[in-house]
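Good morning, and thank you for coming. I should like to take you through several helix contacts and a handful of individual residues. Please keep the sequence and the structure in view as I speak.

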Amino acid sequence: MNRKFTSTVAGATLIIALAAVLSRSIGFLREMIYANVFGLNKSFDIYLVGAVFPTIINTAVYYLAQNYFISSYHKIPIEQSSERKIFFNKNFIVFILIGFAITIVLFLLRGFIMETYLWRADEATRDITEKIFLLFILSIPLNAGYSIIASYLQAENNFNKPAIAQVFLNIPIILLVLFFNKSIGIYSIGIGYLFGNLFQIIYLFYFVKDKITLSFSNFVNRFSFQEGVNASLIIIILIEVVNQLHLVIDRYFFNFVDEGGIASLNYASVLFVLPIGVFSIALSTAIFPRLAESFNKKDWTKLEKYFNDSLAVLTFLFVPLTFIYFFQGDLIIRVLFQHGEFSIVDTGITYNVLQMYSISLLFYSAYAVINKLVYSSGLIKQLLAISILLLLVKIIFNFILVKILKQDGLALSSSITYIILSLSCLLLVLRKMNIKNKYRFINELLFAVVMASVAYFITNNLVRIFPINISIQQILVISFFCLNYFFLAYFTGTLPRITVKF
């Protein structure tokens, strides 16, 4: 695959998607191993609580690096290559130093954090959770350095290496859980995660080592606090932290859900984010440099085309997937997770959670693209206000719904928040940007829902006529539903209309 093709949006999306399929497949294998070894038992709940803070920080840092670095990097003219190199080096050092600072702060606050989540837990549970927490916070500086290198390569339209690097994260976890779970138990996940982060940064560092100048004296001479930590960076940090706090808030309700409830949220969430990680993130990552470039050049026609065409593709893909998750998701959970310690009861619990998540699948996938346009257009203050407001909405709905639906309520609360977040940011973009076709997303969403409803109604009623095994019946429903949906799109002329050509 030549360099010219991979530097296009279509080529970059394909490369990222293929690497994401490999990475997510390995990640799915990891979750299947978790299910087989740990099921929905208490030890896995403990791991999820102990890992949540460091994990959401690592996720926030990665998206912070991407959203801040790529937009700022493209503001430096391409002719000023030396200035671009200096900008990369400064941010690489700053992010690693911030990572170390966060690790130290979390280490000092570990007692308070554990008490917040485990106020009803016994001493043994607190001790295990704290050790897992300590293992995970050691990964934060490594992830911070990796995030900047990955963002730099993406800004240079080099997407394949960061995409491949994601594969390295899960391999050590899988190996340690498989071979050492009997001797070190749940700690095998934390140790594997730490090694995975180390391998990621080593792999990417090899490709940019000629661009990095690790001279502390040069860094001190060139760097000023005001220049390195400007208002935009602070706002973006707040946005990413606030958005990641949704997961932390769910873990707070550890004492309010059924045993295994937090674990069921995890397994359902893995299924929920899988297609988003493969398609939405791949597309949004590939298109982000184009959006930033088009905005800086004030090429509104091209910017609108990239934005609307991307949403059209996601709408076409995620509407039928929502139907599959909501109506046939128990089959997917049985096939992937129902082994070893993961029982048929666990499948039912996880399926109920997945149904609640699936309601917002399209909206959360669309937000991956909408978010990039918000960042490209500099609407970060408005995004921060929306993020803070929705955090409060999430907290309120959690308290209301957890009493009625327990872990299902937490998932439904997340879906409500994701839908509001996506629509709020879409309205923000349509109001502030020079986008002429403002209703294209809504029109294509409604049309896709009608097509999916017709396709599912026909398929489900036809297949159920035949007295066959329930699992085979579900497989046939999913298969013929997808075919019917595709043919309806083709014969109504919808398929060519949403086939985006970048």
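**Residues and helix contacts**

Leaving out residues up to four places away in sequence, Asn308 touches Ile435, Asn437 and Arg440. Before I go further, I should say that this is a predicted model. Asn308 itself belongs to helix H15, which covers residues 300–337. Is Asn308 buried or exposed? Its relative accessible area is 6%, and because the cut-off for burial is under 20%, Asn308 counts as buried.

A second residue of this kind is an arginine. Arg30 sits in helix H2, residues 9–38. Its relative accessibility is 18%, so Arg30 is also classed as buried, the limit being under 20%. Apart from residues up to four places away in sequence, the contacts of Arg30 are Asn170, Ile173 and Ile174.

Let me turn now to pairs of helices. Two packed helices are described by the angle between their axes and the distance between the axes. I shall present three pairs in those terms.

The first pair is H18, residues 380–405, and H19, residues 407–432. Their axes are 8 Å apart and the packing angle is about 155 degrees. How does H18 run relative to H19? The two are roughly antiparallel, because angles over 145 degrees are put in that class. The crossing of H18 and H19 is right-handed. In the contact of H18 with H19 there are 15 nonpolar residues, eight polar residues and three charged residues.

Between these two helices is a loop, and Lys406 is found there. Lys406 is not a glycine, yet its phi is positive, at about 55 degrees. With 36% relative accessibility, Lys406 counts as partly exposed.

Within H18 itself I would draw your attention to Leu383. At 0% relative accessibility, Leu383 is buried. Which residues does Leu383 touch, not counting residues up to four places away in sequence? They are Ile239, Tyr367, Asn371, Val374, Tyr375, Cys425 and Leu428. As for Leu314, that residue and Leu383 are 69 residues apart in sequence, and their C-alpha atoms are 22 Å apart in space.

The second pair again includes H19, this time with helix H17, residues 361–376. The axes of H17 and H19 come within 9 Å and cross at roughly 35 degrees. H17 passes H19 in a left-handed crossing. On the H17 side, the contact is made by Phe363, Tyr364, Ala366, Tyr367, Ile370, Leu373 and Val374. H19 contributes Tyr418, Ile419, Leu421, Ser422, Leu423, Cys425, Leu426 and Val429. How do the residues of the contact of H17 with H19 divide? There are 14 nonpolar residues, one polar residue and no charged residues.

Some of these names come up again with Phe272. This residue lies in helix H14, residues 261–296, and is buried at 1% relative accessibility. Neighbours within four places in sequence aside, Phe272 is in contact with Tyr325, Leu354, Tyr357, Ser358, Ser360, Leu361, Tyr364 and Tyr418. Phe272 and Ser360 are 88 residues apart along the chain, while their C-alpha atoms are separated by 9.4 Å.

The cysteines deserve a word at this point. Cys425, which appears in the contact of H17 with H19 and among the residues touched by Leu383, is buried, with a relative accessible area of 0%. Cys482 is partly exposed, with a relative accessible area of 34%. How many disulfides are there? The count is zero, where a disulfide would call for a pair of cysteine sulfur atoms within 2.5 Å.

The third and last pair is helix H7, residues 140–155, with helix H10, residues 187–208. H7 and H10 pack at an angle of about 35 degrees, and their axes are 9 Å apart. Their crossing is left-handed. From H7, the contact includes Leu142, Asn143, Gly145, Tyr146, Ile149, Ala150, Tyr152 and Leu153. From H10, the residues are Leu194, Asn197, Leu198, Gln200, Ile201, Leu204, Phe205 and Val208. Sorted by character, the contact of H7 with H10 has twelve nonpolar residues, four polar residues and no charged residues.

To close, let me return to the charged residues in these contacts. The contact of H18 with H19 has three of them, whereas the contact of H17 with H19 has none, and the contact of H7 with H10 has none either. Thank you for your attention.

How values were computed: Residues numbered from 1 in each chain as written. Predicted model: local features only at pLDDT ≥ 70, side-chain atom pairs only at ≥ 80, totals over all residues. Heavy atoms only, no water. Helix = DSSP H or I, 4+ residues; strand = E, 2+ residues; numbered from the N terminus. Buried < 20%, exposed > 50% of the residue type's maximum accessible area, 1.4 Å probe, protein only. Contact = heavy atoms within 4.5 Å. Axes fitted to C-alpha atoms, helices over the stretch in contact; angles between N-to-C directions. Parallel < 35°, antiparallel > 145°, perpendicular 65-115°, else oblique. Left-handed = near helix turned anticlockwise from the far one by under 90°. Nonpolar A, V, L, I, M, F, W, Y, C, P; charged D, E, K, R; others polar.
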